[in-house]
Amino acid sequence: MSTIRFIHTADLHLDSPFKGMTGLPTDRLNSLRDSTFAAFNKLIEHAVKTKPDFVLIVGDIYDGEDRSLRTQMKFREGMVKLDVAGIPVFISHGNHDHLGGRWTRFDLPPNVHVFDENVEAVRLNVGDQEVLIHGFSYKERHIRDKVIDRYLVAEGQEAFNIGMLHGSLAGDETHAVYAPFTKSELLAKHYDYWALGHIHVRQQLHESPPIIYPGNLQGRHRNERGTKGFYEVELSKTKASLHFIPASAIVFDRLELSCRGMSHANEWLTACSESLESFKEHNGAGIVELLMTDIDSEAANLFSQSPMEEWLEVLRDFAGESEPFVWVQKITFASQVNLSIASSALMQSVAGMIDDWTKEDWKDVLKDVYQHARGVKYLDVLTEDEIDEVKVGATVLLATEMSGME
């Protein structure tokens with residue numbers, strides 16, 4: 001039975017600026033900023049070593065439309081290595097690296113095919129097997145129309161048909177909705193594989209045929225948690241084998257730490273250190289958020305003794321800079337704070353009022369911060385996750401203050 005083997009990757013976001021990393025030592029910040037290139041190099045090295053039949057890159061190679069010369073040069077060097085190894089590459093540009101951007105272009109080696117703004121099918125022969133790869137590139141950043149309607153239905157049963165599409169499921173607003181499609185619209189094309197891009201969470205929308213988001217190649221902030229990478233795919237007309245290959249040089253994650261019964265700072269520091277060492281063993285270098293859970297009266301009293309900024313500073317000093325380096329970006333508290341710490345009517349009333357606030361209420365409460373001309377550049381867009389974190393922090397602060405009053 002004839003099979004083909006290829007690599008499916010997307011959302012490289014080379015040269016991402018990694019905003020919001022206040023306090024990270026300069027050399028570590030430089031390593032973080034180079035992490036997208038390090039992940040890309042892992043992809044190239046794996047391809048050269050394993051020699052797939054071809055490589056698919058489904059949009060957002062670059063983080064911005066005005067890509068730098070250095071970034072383009074590094075990408076071109078990777079393509080040259082694949083050219084020397086005889087590996088064809090197919091590229092569709094997405095909303096971040098659309099064709100309308102302004103940049104000084106590098107030419108790419110002959111093994112690379114870049115789709116233009118029109119949906120087309122490119123024929124490739126893998127041995128005696130014909131493969132048709134369908135795709136297009138974004139002409140501009142905002143593609144709102146249903147480009148899926150322009151994809152041809154698969155020809156016959158002999159050739160493999162693979163669709164490349166940088167876009168999102170219609171109705172899914174967790175990410176900006178571009179080139180929307182439904183799963184039934186993809187299935188109606190009768191392709192053997194759909195290689196998707198744009199959504200940074202690795203997921204399989206359908207098993208047979210596979211409809212796959214590989215996620216991005218390197219996490220860029222705390223909301224892109226876990227190991228990132230790409231898929232190596234072995235495909236026949238009857239089955240598909242998907243092998244996830246880790247590539248991220250630095251892993252963003254959230255670690256939970258139970259604080260039940262903790263009454264001394266050294267207990268907490270030791271527990272944090274053990275959690276960080278376990279993370280290093282499994283993931284290597286990382287940037288983590290520590291989520292404190294099981295905050296009972298003893299733990300609440302402990303944390304109320306010093307500002308959270310001081311706890312964070314002490315933990316960073318205690319953890320040191322051993323390799324692989326793990327940076328604690330922030331400390332947060334789980335929502336299940338034990339409200340019996342301060343069971344007064346005032347505590348219950350205020351906590352209940354906070355729980356009832358809508359997103360619009362939170363925007364109104366926080367408007368002085370988010371409308372500040374100097375401070376706004378350091379803040380992310382106010383999302384549901386950000387609101388939940390502020391809510392939890394407010395509840396913990398209220399609980400610890402009330403505990404101190406008791």
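**Figure 1. Helices α1 and α2 of this predicted model meet at an oblique angle.** Let's start where helix α1, residues 26-33, packs against α2. Their axes are 4 Å apart, and the angle between them is about 45 degrees. Angles under 35 degrees count as roughly parallel and those from 65 to 115 as roughly perpendicular, so α1 and α2 are oblique to each other. On the α1 side, look for Ser-31, Leu-32 and Arg-33, which meet Ser-35, Thr-36 and Phe-37 of α2. Sorted by class, this contact has two nonpolar, three polar and one charged residues.

**Figure 2. Helices α2 and α3 run roughly parallel to each other.** Here we stay with α2, residues 35-50, and bring in α3, residues 69-84. The two axes come within 9 Å and cross at roughly 10 degrees. Because angles under 35 degrees count as roughly parallel, that description fits this pair. From α2, the contact takes in Phe-37, Phe-40, Ile-44, Ala-47 and Val-48. Their partners in α3 are Arg-70, Thr-71, Lys-74, Phe-75, Gly-78, Met-79, Lys-81 and Leu-82. Of the residues in this contact, eight are nonpolar, two are polar and three are charged. You may recognise Phe-37 from the previous view, where this residue of α2 takes part in the contact with α1.

**Figure 3. The second largest pocket is lined by 21 residues.** To find your way to the centre of this pocket, look for Tyr-191, Asp-192, Ser-208, Pro-209 and Lys-237, the lining residues that lie nearest to it. The space inside amounts to about 330 Å³. Its lining is a mix of eight nonpolar, eight polar and five charged residues.

**Figure 4. The largest cavity holds about 30 Å³ of space.** The count of cavities of 30 Å³ or more comes to one. Around the largest cavity you will find Arg-222, Arg-225, Phe-252, Asp-253, Arg-254, Ile-287, Val-288, Glu-289 and Gln-329. Two strands, β13 (251-258) and β14 (286-293), are the elements that give two or more residues to this lining. By class, the lining of the cavity has three nonpolar, one polar and five charged residues.

**Figure 5. Stepping back, the protein has 11 helices and 15 strands.** This last view sets the close-ups in their surroundings. Of the 406 residues in the protein, 48% are buried. Among contacts with a separation of 6 or more, 71% are between residues 24 or more positions apart.

Technical notes:
Residues numbered from 1 in each chain as written. Predicted model: local features only at pLDDT ≥ 70, side-chain atom pairs only at ≥ 80, totals over all residues. Heavy atoms only, no water. Axes fitted to C-alpha atoms, helices over the stretch in contact; angles between N-to-C directions. Parallel < 35°, antiparallel > 145°, perpendicular 65-115°, else oblique. Contact = heavy atoms within 4.5 Å. Nonpolar A, V, L, I, M, F, W, Y, C, P; charged D, E, K, R; others polar. 1 Å grid on protein atoms, 1.4 Å probe; cavity = no way out; pocket = protein on both sides within 12 Å on 5 of 7 lines; lining within 4 Å. Points joined across faces, edges and corners; volume = space filled by probe spheres on them. Buried < 20%, exposed > 50% of the residue type's maximum accessible area, 1.4 Å probe, protein only.
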